[in-house]
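Work through the exercises below with the model open. Each task is followed by a stepwise solution.

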Amino acid sequence: MNITLTFADIAETVKRSLSIIAKRSRDDNGNLRFEEITLGTREEGLIEDYLKHAASDIAAQTSAFVTGYSDDTLTLTFPSNHNSSLETPLSDACGNYCVAYALYSWFNVTSPGIADKYRVDCQRLMDDIFVMLHTKNKPTASADPSNPTASVT
Amino acid sequence: MSKSLTITINKAAVVEAIKGDTSITGNVDRAIDPNKNAGMAYNEQAGDDDHHLKKIDLLIRTAVSKFAAEMATFTDGSAGSVTTNITTNITIVMVVTDRYMSGLADPLAGLAQSYIVNMALYGWWISIKPEMAKGFAAMAADALAYVNKCFAKAAPTTSTSSYNDVIGTVEDVPTKVSTPTFSFVMLTRKLSIACNTAGATIYYTSDGSTPTTASTQYMEPLTYSFGTTIKAIAVKEGLENSEINSWLRESNIGGGDQGNIGDASGEQSGHGGIDDAGTSTGHNVTP
């Protein structure tokens, strides 16, 4: 089972999140956070840096399973006895962690008051990633615990 | 007479017992604190990972070898042996006494399987959680204690013989060597000297002198010359020397039987021919 995180896709999610926050979130003075969240080229490059930092965090926590890392992607490979039902939620958790980390990093600079929420999200998501990573399928049970036999001749 | 005892255990069942136990333990640890114990539970569960399976295989082989070594005590005498083979099955073959009770073979096999599983689990946990390993070592020892009970012998077979009355005899212990006796063969003119005391040594003279231990030792029949007086004495360490006996045959005119043996109790005359004048006198001779 493989999980591949593509940083470009995650970056789009981050931008979308920031756009929603810009339209809905208000600061303590009641003003929309539009100015704080407008992204130029430089800001977009910063977002990408944040995502790579997040990917590094994930790689550190899942080092036994990392089989590929590049500027664009992070790939995790699991042994055959890993619970394959967790592939999707695990992939989503990794992506969400990257998003939360990027938002935390961004707001830590622009709006520290709301950054802590994303820090807490990061911690929770990393815990979830770790638990799901270290979950094996139940061992195979093809043999019944049959009684051993004995003969005397 | 010996018997051959063969125990057969399904290896896959043993492997899965080991994996099942470690899986349960890992899940218990995970349930206590999922975030904290996830990594530990993952690594202590013997799943289908290749390196885990190899370790389990080694642990099983070690446990089987230990069991075979423990069984050496119960093998039968000089022909006793314990052989093991591990393929699809774990096979243990023992040479046991003819009095082994076959009815105990099945429980013995079950206890052998229990011993092997618990000893393998001991090997698994000793490097991960030593406190857990102790429990499996104790269970293996418990199984072994009951294995020992499965080697009770059947009662010995009824004897076909019965005790007879004990017969004892009493004989005087000789304190003195028996007097040498003579036997003469006319045809060969050979004179033999003998003594009834086993282990005695005979010395003789042919010049009429009194024989002592310094005289010629008798080794083989003598070629006898008529008219020669042969005197003999027999000795043995720890006993008194025998009486001296002598032999004299003056002639064998007319042929006849061999001369009779002289003994210390009295004279004997040689006879057998018409003019057989051979005489033999046995009497104590004062040295």
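**Exercise 1. Strands within chain A**

In which sense do strand β2 (residues 66-69) of chain A and β3(A) pair, and over how many bridges?

Solution. Note first that the model is predicted.

- Step 1. Look at β2(A) beside β3(A): the pairing is antiparallel and has three bridges.
- Step 2. Pick a bridge. A:G68 has A:T75 of β3(A) as its partner.
- Step 3. Trace the connection. Three residues form the hairpin link from β2(A) to β3(A).
- Step 4. Turn to strand β1 (residues 2-6) of chain A. This strand runs antiparallel to strand β3 (residues 73-77) of chain A, and five bridges join the two.
- Step 5. Pick a bridge here too. Opposite A:L5 stands A:L74 in β3(A).
- Result. β3(A) pairs with β2(A) and with β1(A).

**Exercise 2. A strand pairing across the chains**

Find the strand of chain A that pairs with β1(B), and give the sense of the pairing.

Solution.

- Step 1. The strand is β4 (residues 149-152) of chain A.
- Step 2. β4(A) and β1(B) are antiparallel, with four bridges.
- Step 3. Locate one residue pair: B:T6 in β1(B) lies opposite A:S151.

**Exercise 3. The contact between chain B and chain A**

Describe the contact by residues, area and polar links, then break down the chain B side.

Solution.

- Step 1. Count residues. Chain B contributes 33 residues and chain A contributes 24 residues.
- Step 2. Take the area. About 2300 Å² is buried between the chains, and carbon and sulfur atoms account for 54% of it.
- Step 3. Check charges. Zero salt bridges are counted between chain B and chain A.
- Step 4. Check polar contacts. Six residue pairs qualify between the chains, with both residues at pLDDT 80 or more.
- Step 5. Assign elements on the chain B side. At least two residues each come from β1 (2-10), α1 (11-32), α2 (34-44) and α4 (105-125) of chain B.
- Step 6. Rank them. β1(B) gives the most, with eight residues.
- Step 7. Sort by type. The side of chain B that touches chain A has twelve nonpolar, 14 polar and seven charged residues.

**Exercise 4. An aromatic pair**

Classify the pair B:F74 and B:F151, and place both residues in the chain.

Solution.

- Step 1. Start with the total: 14 aromatic pairs over all chains.
- Step 2. For B:F74 and B:F151, the centres are 4.2 Å apart and the planes differ by 5 degrees.
- Step 3. Planes under 30 degrees apart count as stacked, so this pair is stacked.
- Step 4. Place the residues. B:F74 sits in the loop between α3 (50-71) and β2 (82-86) of chain B. B:F151 sits in the loop between α5 (130-149) and β4 (181-185) of chain B.
- Result. The pair links distant parts of the chain, 77 residues apart.

Note on methods:
Residues numbered from 1 in each chain as written. Chains lettered and ligands numbered in written order. Predicted model: local features only at pLDDT ≥ 70, side-chain atom pairs only at ≥ 80, totals over all residues. Heavy atoms only, no water. Contact = heavy atoms within 4.5 Å. Buried area = accessible area lost by both parts, 1.4 Å probe. Salt bridge = Lys/Arg side-chain N within 4 Å of Asp/Glu carboxyl O. Polar contact = N/O pair within 3.5 Å; in protein donor to acceptor, adjacent residues only side chain to side chain. Nonpolar A, V, L, I, M, F, W, Y, C, P; charged D, E, K, R; others polar. Pairing = 2+ DSSP bridges. Phe/Tyr/Trp six-rings, centres within 6.5 Å; stacked < 30°, edge-to-face > 60°.
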